[in-house]
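Visitor: I am new to reading protein models and would love a close look at a single part. Could you take one piece slowly, and then show me how to read other places in the same way?

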Amino acid sequence: MFGLIGKKNMTIKYLGEQWLENKKMTVKPSTYNNYKRLLIDHIFADIGDKKYTALDKQHINEYISSLMNSGRKDGKGGLSVSMTRDIIKALRAIAKFAQLEYGLKNICDGITMPRIKKPEAKTLSDGERRKLEKYLLSNQNLTNICIMLCLYTGLRIGELCGLQWKDIDFRRGCLTVCKTVQRISLGNGKTVISIDTPKTDSSVRVVYIPLFIIEMLKKFRQKPDIFVLSNRIKPTEPRTLQHKFKRILNNCKIGDISFHALRHTYATMCVEKQFDIKTLSELLGHSDVKITLNTYVHSSEKLKRKYVKRLAC
């Protein structure tokens with residue numbers, strides 16, 4: 001596939017295509033397609049014809065700046081910090097490949113990566129949560145029960161969409177997370193629904209379900225291979241559930257929040273109920289307790305008041 005070429009004549013595209021071909025054997029199809037899209041849409045389009053050995057740290061830093069300032073393909077300004085980081089992570093991997101495979105210098109050593117300022121994750125207030133729960137319980141159908149399930153298990157939206165009846169153990173009162181559903185880009189504007197294993201080994205987990213939700217699910221129980229949310233042999237795709245969730249929020253007169261806020265709310269409720277962080281981290285499917293602490297656990301007003309009151313005792 002790759003013809004013989006001198007090291008000095010190797011371009012970013014030449015090395016990138018080799019790296020991508022190697023990654024195809026070690027990553028999930030969804031990850032591979034994400035890498036492919038980043039390379040074709042950005043790296044190859046922008047600097048693909050550049051000779052690798054002609055570039056250095058300064059060139060890469062300048063490329064980062066150009067992505068941030070004018071990287072959008074529609075000409076409407078720069079890319080987000082998150083997208084820029086994803087592109088440069090792929091470029092870094094190509095540089096590492098060039099170093100290991102051909103003994104070339106790593107042109108990404110010492111570059112300055114843009115920093116992401118993470119916004120505080122939104123959660124439902126106690127009042128909003130009560131309103132949502134009241135609506136879901138008063139209008140029981142599979143969609144509403146599944147939303148309640150997420151609120152009380154912290155499942156990600158793709159994990160919920162991938163849940164089949166065979167994944168629920170009604171006797172033990174738990175479910176096994178072993179699949180995730182997402183729409184992935186194939187490039188050229190084409191997308192496809194992917195059913196795959198979760199992103200990390202720790203995301204494959206057993207999560208226990210409150211008894212009242214188990215009892216609701218029993219009423220709708222179907223054959224093992226049927227997907228719970230769609231009630232069919234094909235899953236509901238995440239964006240369809242997002243749209244339904246928005247309508248439910250509107251009916252409850254709750255402000256616009258993402259479906260992922262249910263996961264944040266679950267984590268916060270668990271902290272308020274004094275779950276130990278290690279257990280919570282495992283329930284959420286995190287590979288490191290620090291992720292749970294830094295990303296999902298946010299001190300609530302209730303907790304702050306509780307701790308301050310202790311000072312007066």
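Visitor: Where does H2 bend, and by about how much?

Guide: Happy to help! Please keep in mind that this is a predicted model. H2 bends at Leu-39, by about 40°. To find the helix, look for residues 29-47, a run of 19 residues. A nice check is to compare its expected length with the one in the model. At 1.5 Å a residue, helix H2 should span 27 Å, and its end C-alpha atoms are 25 Å apart, so the two values agree.

Now look at which parts of H2 are hidden. Leu-39, the residue at the bend, is buried, and so is Leu-38 beside it in the sequence. Earlier in the helix, Ser-30, Tyr-32 and Asn-33 are buried as well. Later on, the buried residues include His-42, Ile-43, Phe-44 and Ile-47.

Let's step back to see where this helix belongs. The chain has 13 helices and five strands, and its C-alpha trace spans about 70 × 55 × 35 Å along the principal axes. Of its 313 residues, 43% are buried. Many contacts link distant parts of the sequence: among those between residues at least 6 apart, 65% join residues at least 24 apart.

The strands are worth a visit next. Three of them form an open sheet in the order S1-S2-S5, with antiparallel pairing. Strand S1 (168-169) and strand S5 (205-208) are the edges, and each pairs on one side only. S2 and S5 run antiparallel and are joined by four bridges. You can trace one of these links yourself: Val-177 has Arg-205, in S5, as its bridge partner. In general, the strands of a sheet pair through backbone hydrogen bonds, either parallel or antiparallel.

Just past S2, find Lys-179 in the loop between strand S2 (174-177) and strand S3 (180-187). Is a lysine here buried or exposed? Lys-179 has a relative accessible area of 14%, and it counts as buried because that is under 20%. Its side chain has polar company: it makes a polar contact with the side chain of Gln-164 at 3.2 Å, and it reaches the backbone oxygen of Gly-162 at 3.4 Å. Other residues that Lys-179 touches include Glu-159, Ile-195, Pro-198 and Phe-227.

Asp-167 is also among the residues that Lys-179 touches. You will find Asp-167 in the loop between helix H7 (157-161) and S1. Asp-167 is buried too, with a relative accessible area of 9%. Besides Lys-179, Asp-167 touches residues including Gly-162, Leu-175, Thr-176 and Cys-174.

That last contact brings us to the cysteines. How many disulfides does the structure hold? It holds zero. Cys-174 is in no disulfide, and the nearest cysteine sulfur, that of Cys-178, is 12 Å away. Cys-174 is buried, at 2% relative accessibility. Cys-252 tells a similar story: its sulfur is 15 Å from the closest cysteine sulfur, in Cys-150, and this is too far for a bond because a disulfide needs two sulfurs within 2.5 Å. Cys-252 is buried as well, with a relative accessible area of 8%.

Next, try two loop residues with an unusual backbone angle to look for. Asn-231 is not a glycine, and yet it has a positive phi of about 65°. Asn-231 sits in the loop between helix H8 (211-218) and helix H9 (238-251), and it is partly exposed at 34% relative accessibility. Gln-274, also not a glycine, has a positive phi of about 65°. Its loop lies between helix H10 (261-272) and helix H11 (277-284). Gln-274 is exposed, with a relative accessible area of 56%.

For a last stop, move along to Ile-277, which is found in helix H11. At 23% relative accessibility, Ile-277 counts as partly exposed. Leaving aside neighbours within four places in sequence, its contacts are Val-271, Val-289, Thr-292 and Leu-293. To get a feel for distance, pick Asn-141 as well: it lies 136 residues from Ile-277 along the chain, and the C-alpha atoms of the two are separated by 33 Å.

Methods
Residues are numbered from 1 along each chain as its sequence is written. This is a predicted model: local features need pLDDT of at least 70, side-chain atom pairs count only at pLDDT 80 or more; totals for chains, interfaces and linings use all residues. Side-chain values use heavy atoms; hydrogens and water are left out. Buried means under 20% relative accessible area, exposed over 50%, partly exposed in between (1.4 Å probe, protein chains only). A polar contact is a pair of N or O atoms within 3.5 Å; within protein, one must be able to donate a hydrogen and the other to accept it, and residues adjacent in sequence count only if both atoms are side-chain atoms. Contact means heavy atoms within 4.5 Å. Two strands pair if DSSP finds at least two bridges between them. The expected span of a helix is 1.5 Å times one less than its number of residues. The bend at a residue is the angle between axes fitted to the seven residues ending there and the seven starting there.
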